[in-house]
Amino acid sequence: MTGGNGNLYLPMGPATNILLMTINYSHDIATALLAVSGIAMLMLWKSYPATADAATERYFISAYRGITRVAKDSLYWILLAGVPRIVFYMDYEWSDLAGDHQIIAVIIKHILMFLLVGTGVYSWMKLSRRVKALHEKQQTPA
Ligand code: HEM
């Protein structure tokens, strides 16, 4: 972490400040997008009929691919935007009122986030194997 603008030789000014704050904010928005993708995927999978016809299978595979794309891009963006956020934490987010305890809070929040995301990635990988099997079944002539 750095304290004070300009330590990283960035041309600091109103535009850079607003850009950095927007990137910080986008870390949260991308987290929301990732969460919504996970919930949507879960709901879609839970309502997948046990006896699906070929059209339903095709629909599900296509929805799976679209939602997975959004989830992946959100995760990449979260990780990318986390870097400037932590580098400039002291400049944009540090609160004297909360003091050193906020560091512990950030760590606890992120342990929770990594646990949630880890569980999500694990379930997604299991689902991807089932979708792959569905796709192969679609390709096999009846
Ligand atoms: C799956 C990965 C991650 C998720 C889901 C995630 C999610 C979040 C969320 C929701 C917040 C807002 C917390 C609040 O305002 O109370 C936040 C804040 C923050 N994140 Fe992440 N984050 C992730 C990874 C990272 C990484 C890799 C970094 C650093 C390289 C990082 C750095 C930060 C910083 C510095 C803050 C501001 C401090 C705070 O409020 O906690 N994050 N993150």
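This passage describes the fold, the helices, the nonpolar core and the ligand surroundings of a predicted model.

The secondary structure of the protein consists of four helices and zero strands. In sequence order, these elements give the pattern α-α-α-α. The radius of gyration is 21 Å, well over the 14 Å that the globule rule gives for 142 residues, so the protein is more spread out than a compact globule. Along the principal axes, the C-alpha trace spans about 65 × 30 × 15 Å. Of the 142 residues, 8% count as buried. Among contacts with a separation of 6 or more, 87% join residues that are 24 or more positions apart.

The span of three of the helices was compared with the value expected at 1.5 Å a residue. Helix α1 (14–46) has 33 residues and reaches 48 Å from its first C-alpha to its last, close to the expected 48 Å. For α2 (54–87), the 34 residues should span 50 Å at 1.5 Å a residue, and this agrees with the end C-alpha atoms, which are 50 Å apart. For α4 (101–139), the 39 residues should span 57 Å, and the end C-alpha atoms are 56 Å apart, which agrees.

Burial was then examined helix by helix. In α1, the buried residues are A30, L34, S37, G38 and M41, and what covers them includes α2 and α4. In α2, the buried residues are Y64, A71, S74, I78, A81 and R85. The cover over these residues of α2 includes α1, α3 (89–92) and α4. Helix α4, by contrast, is hardly covered: the count of buried residues among its 39 residues is zero. Thus α4 is part of what covers the buried residues of α1 and of α2, while the count of buried residues in α4 itself is zero.

The largest nonpolar core has five residues in all, namely A30, L34, A71, I78 and A81. Helices α1 and α2 each supply at least two residues of this core, and the largest share, three residues, comes from α2. The contacts of one core member, I78, illustrate how the two helices meet. When residues up to four places away in sequence are not counted, I78 touches H27, A30, T31 and L34. Of these partners, A30 and L34 are themselves members of the core, and both are listed among the buried residues of α1.

A further position in α2 was considered individually. R58 is located in helix α2 and is partly exposed, because 14 other C-beta atoms lie within 10 Å, whereas a buried residue requires 20 or more and an exposed one has 12 or fewer. R58 and L134 are 76 residues apart along the chain, yet their C-alpha atoms are separated by 8.7 Å.

The ligand is surrounded by 16 residues, of which the closest are G82, I86, V106, M113 and V117. Helices α1, α2 and α4 each supply at least two residues of the shell around the ligand. The largest share of this shell, six residues, comes from α2. By chemical character, the residues of the shell divide into eight nonpolar, four polar and four charged. Helix α2 therefore supplies the largest share both of the nonpolar core and of the shell around the ligand.

Notes
Residues are numbered from 1 along each chain as its sequence is written. This is a predicted model: local features need pLDDT of at least 70, side-chain atom pairs count only at pLDDT 80 or more; totals for chains, interfaces and linings use all residues. A residue is near a molecule or strand if its C-beta atom, placed from the backbone, lies within 6 Å of it. Ala, Val, Leu, Ile, Met, Phe, Trp, Tyr, Cys and Pro count as nonpolar, Asp, Glu, Lys and Arg as charged, and the others, Gly among them, as polar. The expected span of a helix is 1.5 Å times one less than its number of residues. Two residues are in contact if their C-beta atoms, placed from the backbone, lie within 7 Å. The radius of gyration is taken over C-alpha atoms; the globule rule is 2.2 Å times the number of residues to the power 0.38. A nonpolar core is a set of buried Ala, Val, Leu, Ile, Met, Phe, Trp, Tyr and Cys residues joined through C-beta atoms within 7 Å.
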